[in-house]
Amino acid sequence: MENYLENYRRRNLRGRSFKNQDLSHEDFSYSDIRGANFTNANLTGANFSYALAGLTKPWKIILSILIFFLSATSAFATFTAVYIPLKFIVPKPSNLIPIHIGLFIFLLLELINICSLLVTIRQGIKKTLAYLFSGIPLIILIVPVLAAFAMSERNLSKGLKFLGIDRPPSPEIIELSKELKAFRSGNLIEGITNLLTDADSVNIVVSIIVSLIISVGAILVLITTLSLAVVLAEIKLEKHQKNSVIAWSIIFTIIITGSVVRNMDDRYGTFLFSSEPTKGVVLGIGTYVIAISISILLISIASYLARKILTEDENNLTIRRLAVAIGAIGGTSFKNANLTETNFSNACLKSTDFRLANVTHTLWRKAEYLTFARIGTTILIDPKIRELLVTGNGRNQQYISVNLRGANLRNADLTRSNLTIADLSEAALEGACLDGANLKEVLAIGTNFTQAKMTGVCLESWNINHTTILDEVESEYIYLLESEKPQTNDRERRPSSGNFAPGDFTSLFAENFHTVDLIFRNGINGKAFMSALEQVQKENSGVTLRIQSMENKGDGIVIIKIGVPEDASKGKIHQQLTKFYQEDVGKLTEKSLDKSLSQEEKFATSHQQSEDMMSFFSYQLSVNSYQSIVERLERTMQDEKERIIYAEEQGRIKQTIFLVMVLITQRFGEVSENIKYRIETLPLANLESLVKVFLNFNSLADLENWLQENSSS
């Protein structure tokens, strides 16, 4: 039951619960509905124009704390990605590595980190993870193999003898085998622990592998946390908070990295270079500068990626959707609500939950921050569709195969838009401008095109039925083909010339809603067709069949549309008509099938069939429809008569030309191609005259003179 007692317009409704209530057609315009709960509510036809949805102040404070935590985490991740590889530059006293080797390892690891960021920017975090995790099986395979080669000197000798080598293992092989003991499970765990705790005796290979895994993992944490923080800051919408997140992340990174590097230099650098203090100072400053530079570079690249994710980068939608889902916690909820015909024009919809909501014909025009609403699987999930619904402007845009089912596009501008194979079922397109649009193969079942402008629209194979509303469509002409026919400029324009009169467009397509189409490929026998139609009506008592149109496609192809009631079985009627027609054609008299009939008999038979057809049409159609069918039949019969006459005349011309050429060859021999061409282009009457006077010619010159006198006549 609708609630008419409560006035919700311009009210403070923050945090109120309207769960499961029937609020259809209620007016919530200009109200503050931040934190309100409309879950499972019936809001059919409700008005939320200029309403303010989103988070309440307590939830904004919680969001601010979360943003700070994510910023600090991103800074720590950046520090980790730099600090772990940095250990190769400042070696430990018990495990000295040449500085140039350590610098090379450090730069190699940081290059991998940077490449991970760049791959994420170009291809998305999912593909980055796929590339990284594809190396895990390889590591799992290699480590046990390396551990298996860690043997004692005695076992090495046995292994070499087994391979047919009698010499004892060289010192280098023995040393390598000892080093490989680091890959045994116990030693491997100890090595990782020593690396993380700055303890001594860390195997160099283990150090590189572990450093790589940790630093790349830190890069993934950096990407996730910084992106989440940037998007959440935009949702919270403190004007400069998005930039503040990046700035604070950089500051935190510089502080943490600087202090740790300073401590590391004090711990190892001073001791290592106690006899050469100048070299120690250079190492300390150089290490500090390199660490800070790499840190700023990493966080700068990550911040660029975060901005791309903020603008709905299609390669990283997962992180953005996670941020929007977090930002919607505590916001306005329309989850599973019925929002049919609901008006959200000019409303602020940040941090709003529309999951599972029915948004059929929902009006989103000029709604703000819909991009930061949790839209689930509704049609709003496509950014291009969301922009179209908000702006109403789809002029010259590509919407191929998009889902616009139930969309509210009233008065939208879709001029010259490409909607090929789009789903427009149940969409509201009243008053929309579709001039020049491409609607090839669109699904428009239940779509409302009332007063839509559709001049020059392409309607090739579009799918409509009796539920499609085409009332008062404004159209001067349409095309039935997207592309021109081969070697022509014909796109099946309708009308073929001139423009539609008011109502013609609707009539053109409305008549096809309940029809059975019959295709005759070798012409049509009128008497057999009439008989079949009468038999079908007898078989289906109470069913009225009306001939709506008959079209001669040429080459003997004739298409007849039969109007049938809405509840009739079209398949059954089509099958019966085809069966009875074929049976009746088989029962025609010998005379009807005799190809040796004279031209007069052919005309008489065709004329009788046309009279039978016309008498049947006049029985079923109104005067106007009758006249139209009569004219079509007369044109068809006239075309057939002219075709027969033309074919017979061409046959006589060929026979006469053959006779003339035989006579000329027998009397004068071979003649020039010019004379042959002039004879072949003579009309039939002149050819017959030439046969009559040919015996009067004494030479080839007489023939040429005659042709000169008669070739233009």
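Helices here are DSSP runs of H or I covering at least four residues, numbered from the N terminus. With that in hand: Trp-59 sits in helix α1, which spans residues 57–86. What you're looking at is a predicted model, with 21 helices and eight strands in the chain. Here's a quick tour, from the whole chain down to single residues.

**The chain overall**
- Of the 713 residues in the chain, 43% are buried.
- The accessible surface adds up to about 37,400 Å², and carbon and sulfur atoms own 56% of that.
- Take the contacts between residues at least 6 apart in sequence: 49% of them join residues at least 24 apart.

**Nonpolar cores**
- In soluble globular proteins, nonpolar side chains tend to be buried together.
- The largest nonpolar core in this model holds 64 residues, and Phe-38, Leu-43 and Met-454 have the most contacts inside it.
- Helices α12 (383–391) and α13 (504–510) each put at least two residues into this core.
- The largest share comes from α12, with four residues.
- A separate core has 42 residues, including Leu-70, Ile-89, Ala-229 and Val-245.
- Back to Phe-38: if you skip neighbours within four places in sequence, its contacts include Phe-18, Leu-23, Phe-28, Ile-33, Leu-43 and Phe-48.
- Phe-38 also contacts a run of residues with higher numbers, namely Thr-332, Ser-333, Phe-334, Lys-335 and Ala-337.

**Inside helix α8**
- Thr-225 lies in helix α8, residues 204–236.
- Thr-225 counts as buried because its relative accessible area is 8%, and the cut-off for buried is under 20%.
- Beyond four places in sequence, Thr-225 is in contact with Leu-70, Thr-73 and Ser-74.
- Val-231 is found in α8 too, and its relative accessible area is 0%, so it is buried.
- Not counting residues up to four places away, Val-231 touches Ile-309, Leu-310, Ala-323 and Phe-372.
- Val-231 and Arg-320 are 89 residues apart in sequence, yet their C-alpha atoms are 7.0 Å apart in space.

**A nonpolar patch on the surface**
- Trp-59, Ile-62 and Ile-329 make up a nonpolar surface patch, with about 280 Å² of accessible area together.
- Trp-59 has a relative accessible area of 34%, so it is classed as partly exposed.
- That value also fits the patch rule, because patch residues need over 30% relative accessible area.

**Salt bridges**
- The count comes to 13 salt bridges.
- Asp-353 pairs with Arg-355, and their closest N and O atoms are 2.8 Å apart.
- Asp-353 is the buried partner, at 7% relative accessible area, while Arg-355 is partly exposed at 24%.
- Arg-395 bridges to Asp-413, with 3.0 Å between the closest N and O atoms.
- That pair links distant parts of the chain: Arg-395 and Asp-413 are 18 residues apart, each in the loop between α12 and β3 (457–458).
- Arg-395 is partly exposed at 36% relative accessible area, and Asp-413 is partly exposed at 22%.
- Arg-410 forms a salt bridge with Glu-430, where the closest N and O atoms are 3.2 Å apart.
- This pair links distant parts of the chain as well, with Arg-410 and Glu-430 20 residues apart and each in the loop between α12 and β3.
- Arg-410 is partly exposed, with a relative accessible area of 23%.
- Lys-485, Asp-490, Glu-492 and Arg-494 are tied into a network of salt bridges.

**Cysteines**
- A disulfide is a covalent bond between the sulfur atoms of two cysteines.
- The count for this model is zero disulfides, because no pair of cysteine sulfur atoms comes within the 2.5 Å cut-off.
- Cys-348 is buried, with a relative accessible area of 12%.
- Cys-458 is buried too, at 2%.

Terms used
Residues numbered from 1 in each chain as written. Predicted model: local features only at pLDDT ≥ 70, side-chain atom pairs only at ≥ 80, totals over all residues. Heavy atoms only, no water. Patch = residues over 30% accessible without salt bridge, like charges linked within 9 Å, V, L, I, M, F, W, Y side chains within 5 Å. Areas by Shrake-Rupley, 256 points an atom, 1.4 Å probe, with all protein chains shown as cover. Salt bridge = Lys/Arg side-chain N within 4 Å of Asp/Glu carboxyl O. Buried < 20%, exposed > 50% of the residue type's maximum accessible area, 1.4 Å probe, protein only. Core = buried A, V, L, I, M, F, W, Y, C linked by side-chain atoms within 4.5 Å. Contact = heavy atoms within 4.5 Å.
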